[in-house]
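Visitor: I should like to discuss how the helices of this protein pack and where its nonpolar residues gather. May we look at the structure together?

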Amino acid sequence: MEDLEDQKRKKKKEKMTLGSLSRVFARGKQRKSLDPGLFDDSDSLTQQSLSDGEEQLDRLQQAEFTRTTCMSLWRAGAVQAWMEVVMGMPMYIRACSENVKSGKVLLGLTDEDLELGLGISNPIHRRKVRLAIEDYRRAEGEQGLSKASEMDHHWVSTSWLSDVGLPQYSQTFQAHLVDGRVLNSLSRRDLERFLNISDQFHQTSLLLAIQLLQMLGFDKEALQARRTKCEQQNRDPIVWTCHRVMKWIRDIDLKEFADNLQGKGIHGAVIALDQSFDTDAMAKALGIPSNKHMLHRHLYEEMKALAVPLSNAEQATEVVGLSSPVAVNRFTDERVSMRRKSPLRLRANSQSVERALGFHGSCGSLPREARVQAIPRAKGSPMHTFKSVEITNV
C-alpha cells in the first residue's frame, strides 16, 4: 500500500511539472507572436514623427520665404506659414487655408473680410494683420519691411514691458498679440478700451515708451547700443529702462526706496519727456515721506544734475521730424532743461520769513521762485551779510 501511494505522489508531481512547463512555453509563444506587432507600431510612430518633422521644416522654409519675397508672389502654403510662424496666429490657419489661396488675395482683404471671412473677431488681432499687409504693400515699392516688423509680440509682452516697468500687463499684451506695428498705432483710448489699462499714468508711461521707439525708428539694435553706453554712466537718461532708473536711485544713496519703483512704469523717457513728472512725482513713486524734506532736496539736486546731458545737440537730433503718439510738446531745449519746482513748499508771508531765517539762509541752489527778499538785518546778526534767503515750510 505504501508503495502504491508513493507511485501516485510521483505521478502527480510529474503532471504538475509538465503543466508548469507548458504554461511557460505558451507564454513564450505569446510573446513571440506579439513582438512583430510591437515593432510595426514603433515603425509607424517613427514614420509619423518624421513626416511631422518634414512638414514643420517645410513650414519654416515657407515662413523664411515670406520675409524676403513680395506678398503678391506668395502661394497658399506661404500664406499659411506666414500666418502661423511669422504672425504667431495659428488659430486662424484653418480659415485662412480655406479662403486665402495666394498673396494677391491677402493684399486685397478688408477689415470686414478679416472678420467675416477669416473669423478674426478681436479688433487688435485684425489691426495687427491689416498693418502687416500694409507694411508688405509698401515694401514692394520701397526698401523692405519696417523695423517695427522685427518686434514680435513675444518680445513686446516680455522684454519691452519689463524695460518699461509694467510687466503686470504682459498677459494682456500677449493675449492681444501686440507687436511692433501695433505698438506704433496705439493711442490712449486704445489702451483703455482694448487692453483694459485704466491707470492714466500707466497709459502715459506706455505712450512715452512708444514715443522713444518712434524717435529711434523702432530700431532695437540702436536702442540697445545707446543703453549699453550709459549702463555705467549717468548720461543719456532718455533711453534708460526701469531697471536702470532703479540702479541710479541706489547710486544716489536712496537704495531703501529703489524697489518701490517696480510696477510703477518709471523709465527714462518718462523722466526726460513728461514735463509734469517732477521731483514730487518721483518722490511719490519712490514712497519717500512728504515730511522728509532733506531727502526731497537731495532727490531734486540729483534730478537736476541728471538733466544736464539732455540739453546736448546729440539728443536734440534724435527727435527731429518724428511724430508723437501722445499729446505732448516736441522734445525741445526748453523741455529738456527739466525745470523743476522746489520740493519744499513755500510760505511767503512775513511770519514764515521770521521763522525760516535760522535754517536755509546759506542755501543758494533752489529754484528762482523759491527765493524771496529778506527783511533788513540788524548789524551784528549772523545773517546780516545775506541780501536774500530761501524759505520753506520746514
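Guide: A crossing is called right-handed if the near helix is turned clockwise from the far one by less than a right angle, and left-handed if anticlockwise. Please note that the model is a predicted one.

Visitor: Which hand does the crossing of α16 and α17 have?

Guide: The two helices in question are α16, residues 279–286, and α17, residues 293–307. By the clockwise or anticlockwise criterion, the crossing of α16 and α17 is right-handed.

Visitor: How is α16 oriented to α17: roughly parallel, roughly perpendicular or oblique?

Guide: Their axes lie 10 Å apart, and the packing angle is about 120 degrees. Roughly perpendicular covers 65 to 115 degrees, and roughly antiparallel begins over 145. The angle therefore makes α16, relative to α17, oblique.

Visitor: How many nonpolar residues does the contact of α16 with α17 have?

Guide: From α16 come Thr-279, Asp-280, Met-282, Ala-283 and Leu-286, which meet His-296, Leu-299, Tyr-300 and Met-303 of α17. Sorted by class, this contact has one charged residue, two polar ones and, as nonpolar residues, six.

Visitor: Which helix supplies the largest share of the largest nonpolar core?

Guide: That core has 59 residues, and Trp-160, Phe-173, Met-282 and Leu-299 have the most contacts inside it. Helices supplying at least two residues each include α7, α16 and α17. The largest share is eight residues, and the helix supplying them is α11.

Visitor: How many residues does the other core, apart from this one, have?

Guide: Among the members of that separate core are Ala-78, Tyr-92, Cys-96 and Val-129. Its number of residues is 22.

Methods: Residues are numbered from 1 along each chain as its sequence is written. This is a predicted model: local features need pLDDT of at least 70, side-chain atom pairs count only at pLDDT 80 or more; totals for chains, interfaces and linings use all residues. Side-chain values use heavy atoms; hydrogens and water are left out. Axes are lines fitted to C-alpha atoms, for helices over the stretch in contact, and angles run from 0 to 180 degrees between N-to-C directions. Helices (H or I, at least four residues) and strands (E, at least two) are DSSP runs, numbered from the N terminus. Angles under 35 degrees count as roughly parallel, over 145 as roughly antiparallel, 65 to 115 as roughly perpendicular and the rest as oblique. Contact means heavy atoms within 4.5 Å. Ala, Val, Leu, Ile, Met, Phe, Trp, Tyr, Cys and Pro count as nonpolar, Asp, Glu, Lys and Arg as charged, and the others, Gly among them, as polar. A nonpolar core is a set of buried Ala, Val, Leu, Ile, Met, Phe, Trp, Tyr and Cys residues joined through side-chain atoms within 4.5 Å. Buried means under 20% relative accessible area, exposed over 50%, partly exposed in between (1.4 Å probe, protein chains only).
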